[in-house]
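User: I'd like to go through this model with you, starting with one of the helices and then moving around. Could you keep the cut-offs explicit as we go?

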Amino acid sequence: MQLLYHLSNFWPHAVAGLTLFSAGLASAHAILHKRDTRAVVLWIGFIWLLPVLGPALYLMLGVNRVRRKALSLRGAASRLQGTSVPDTAFLPDGQPCLRPEAAHLEQLAQAVGRIVRRPLMPGNAVEPLVNGDAAYPSMLAAIGQARKTIGLATYIFDNDRNGREFVEALRQAQERGVQVRVLIDAAGTHYSVPSIIHLLHQARVRTGRFLPTMAPWRLMTMNLRLHRKIMVVDGSIGFTGGMNLREGNLVAQQPKHPVRDLHFRLEGPVVGQLQEAFASDWVFTTGETLAGSDWFPPLESKGGVLARGIPDGPDEDFEKLSWTFLAALSCARDSVQILTPYFLPDPPLISALNLAALRGVRVEIMLPARSNLPYVDWASRAMWWQILQRGCKIWLCPPPFDHSKLMLVDGQWSLVGSGNWDTRSLQLNFEFNLECYCPGLACALEKIIQSKLQGARQVTKEEVDRRSIPIKLRDGVTRLLDPFL
């Protein structure tokens with residue numbers, strides 16, 4: 001009885017001590033590791049105002065880095081391809097070889113090379129695929145012609161008519177003796193019920209789920225997502241861009257929730273960099289190393305595009321996409337065109353956009369008039385005045401919702417892939433983008449942008465200023481939550 005009496009008197013003090021210790025530890029971690037001052041202040045507020053729950057939320061949502069064992073495929077890929085890095089490719093201590101009209105972008109190529117530590121590969125063919133109406137048939141055709149390997153990574157793989165068509169194509173490839181590997185983000189498997197995972201298992205397709213969120217040891221990484229969209233067939237044909245596997249992307253079929261998007265078909269040496277990214281994600285998720293000539297065959301020149309893969313994520317690739325944005329904006333002379341579904345740039349990017357406009361560069365940002373995430377629209381609208389007042393232009397494109405991601409500089413340089421202009425893509429997601437130096441490709445992409453601008457309306461600073469006080473407060477408060485969106 002005496003022991004129970006002492007325990008009853010002691011446990012409140014123990015709980016209080018544990019609460020203070022956890023709050024102090026979480027606060028110290030936020031102060032030491034968070035770079036955004038707003039994020040530090042908001043997290044410390046949550047931690048201390050919500051005892052026990054605050055530190056727990058920080059553990060689950062605030063620790064946004066993961067250590068991944070580096071996979072030494074970079075050198076292996078070059079050896080398997082049987083080629084050395086060409087003289088025309090950028091090396092850390094060399095210079096790129098660009099067309100005379102793009103000579104001012106040599107500094108951009110040099111900067112990105114030092115950021116990503118990968119060579120700029122010549123001899124690539126890059127074909128834009130508009131919406132799922134063009135992308136999915138091309139991807140399915142490649143799967144149907146596969147002879148040795150297929151690697152597919154995506155954020156969302158819906159269990160709908162389109163998804164089941166992909167599962168059937170993968171099943172048939174598996175039965176032909178093709179090695180098939182499918183990697184889906186764990187959160188992305190829940191966008192449709194039941195999940196597509198069961199059908200893939202029935203088809204005997206080896207499938208991995210990236211960072212499952214329900215496992216207790218994954219609590220600190222539950223906010224980190226695989227947002228890359230990569231498919232590589234036989235190590236020689238690649239697909240990447242912003243498109244998930246969803247029926248809504250088949251816009252011509254008039255789905256209930258149509259989504260416009262861009263994807264790209266690639267051939268040439270840069271496909272090895274896509275394969276490298278997929279293989280790194282696969283070994284991290286499953287422990288299986290993908291190597292050998294079946295996965296990394298010799299790659300020949302297929303076109304005239306200089307290209308380089310830019311992996312980005314909360315690991316050793318942290319902030320590479322953000323630095324690429326900054327480098328491109330600083331090198332632009334004539335024009336910058338940005339197409340993105342979510343626009344929440346951080347202060348350095350806002351400053352870079354404004355400085356480009358002040359230097360006389362035509363800076364145009366194309367956004368959907370209404371995205372699929374209203375709260376992101378509110379937060380974005382709260383900062384529009386910061387770039388409109390310096391001369392940047394914002395265009396709102398009419399429905400259907402446009403999920404495309406694209407950046408063009410001076411009609412010479414293109415950046416395509418999965419990354420958005422928001423905190424989630426730049427700090428929390430694993431992304432893959434591709435930079436391309438080719439005026440012909442940039443011209444084709446500019447025509448796509450112009451087609452998207454048909455019916456678009458330009459936003460003015462006066463319009464933004466005319467918002468009512470309640471709307472401004474709503475947008476501003478939501479903007480404060482940007483680190484969590």
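User: Which residues of H6 are buried?

Analyst: This is a predicted model, in which local features need pLDDT of at least 70 and side-chain atom pairs count only at pLDDT 80 or more, while totals for chains, interfaces and linings use all residues. Residues are numbered from 1 along each chain as its sequence is written, and side-chain values use heavy atoms, with hydrogens and water left out. The buried residues of H6 are Asn131, Gly132, Ala135, Tyr136, Ser138, Met139, Leu140, Ala142 and Ile143, where buried means under 20% relative accessible area, exposed over 50%, and partly exposed in between (1.4 Å probe, protein chains only). Helices here are DSSP runs of H or I with at least four residues, strands are E runs of at least two, and both are numbered from the N terminus.

User: How far apart are the end C-alpha atoms of H6?

Analyst: They are 22 Å apart, which agrees with the 21 Å that the 15 residues of H6 (131-145) should span at 1.5 Å a residue; the expected span is 1.5 Å times one less than the number of residues.

User: And H11, what covers its buried residues?

Analyst: The cover includes helices H10 (320-331), H13 (384-388), H14 (423-428) and H17 (469-480), together with strands S11 (335-339) and S12. The residues being covered are Leu349, Ile350, Ala352, Leu353, Asn354, Ala356 and Ala357. Just after H11, glycine 360 takes a positive phi of about 100 degrees.

User: Switching to cavities, how many are there of 30 Å³ or more?

Analyst: The count comes to 3, and the largest holds about 90 Å³ of space. A cavity is a set of points on a 1 Å grid over the protein atoms alone where a 1.4 Å probe fits but cannot get out, and its lining residues have an atom within 4 Å of a point. Grid points are joined across faces, edges and corners, and the volume is the space filled by probe spheres set on the points.

User: Which element gives the largest share of that lining?

Analyst: H12 does, with 4 residues. Among the lining residues of the largest cavity are Tyr342, Phe343, Asp377, Arg381 and Trp384.

User: Which residues touch the most other members of the largest nonpolar core?

Analyst: Trp384 and Met407 do, in a core of 47 residues. Such a core is a set of buried Ala, Val, Leu, Ile, Met, Phe, Trp, Tyr and Cys residues joined through side-chain atoms within 4.5 Å. A second, separate core of 45 residues includes Leu211, Ile230, Leu339 and Phe432.

User: What about serine 414, buried or exposed?

Analyst: Serine 414 counts as buried because its relative accessibility is 0%, and it is found in strand S16 (413-417). Leaving aside neighbours within four places in sequence, serine 414 is in contact (heavy atoms within 4.5 Å) with residues including Met407, Cys436 and Ala442. The C-alpha atoms of serine 414 and alanine 442 are separated by 6.0 Å, although they are 28 residues apart along the chain.

User: Last topic, backbone oddities: where does the proline 194 with the cis bond sit?

Analyst: Proline 194 is in the loop between S3 (179-185) and H8 (197-202), and the bond to it from valine 193 is cis, with omega near 0 degrees. The bond from proline 399 to proline 400 is also cis, with omega near 5 degrees. Glutamate 319 has a positive phi of about 70 degrees although it is not a glycine, and at 16% relative accessibility it counts as buried.

How values were computed. On a 1 Å grid over the protein atoms alone, a cavity is a set of points where a 1.4 Å probe fits but cannot get out, and a pocket is an open set with protein on both sides within 12 Å along at least five of seven lines; lining residues have an atom within 4 Å of a point.
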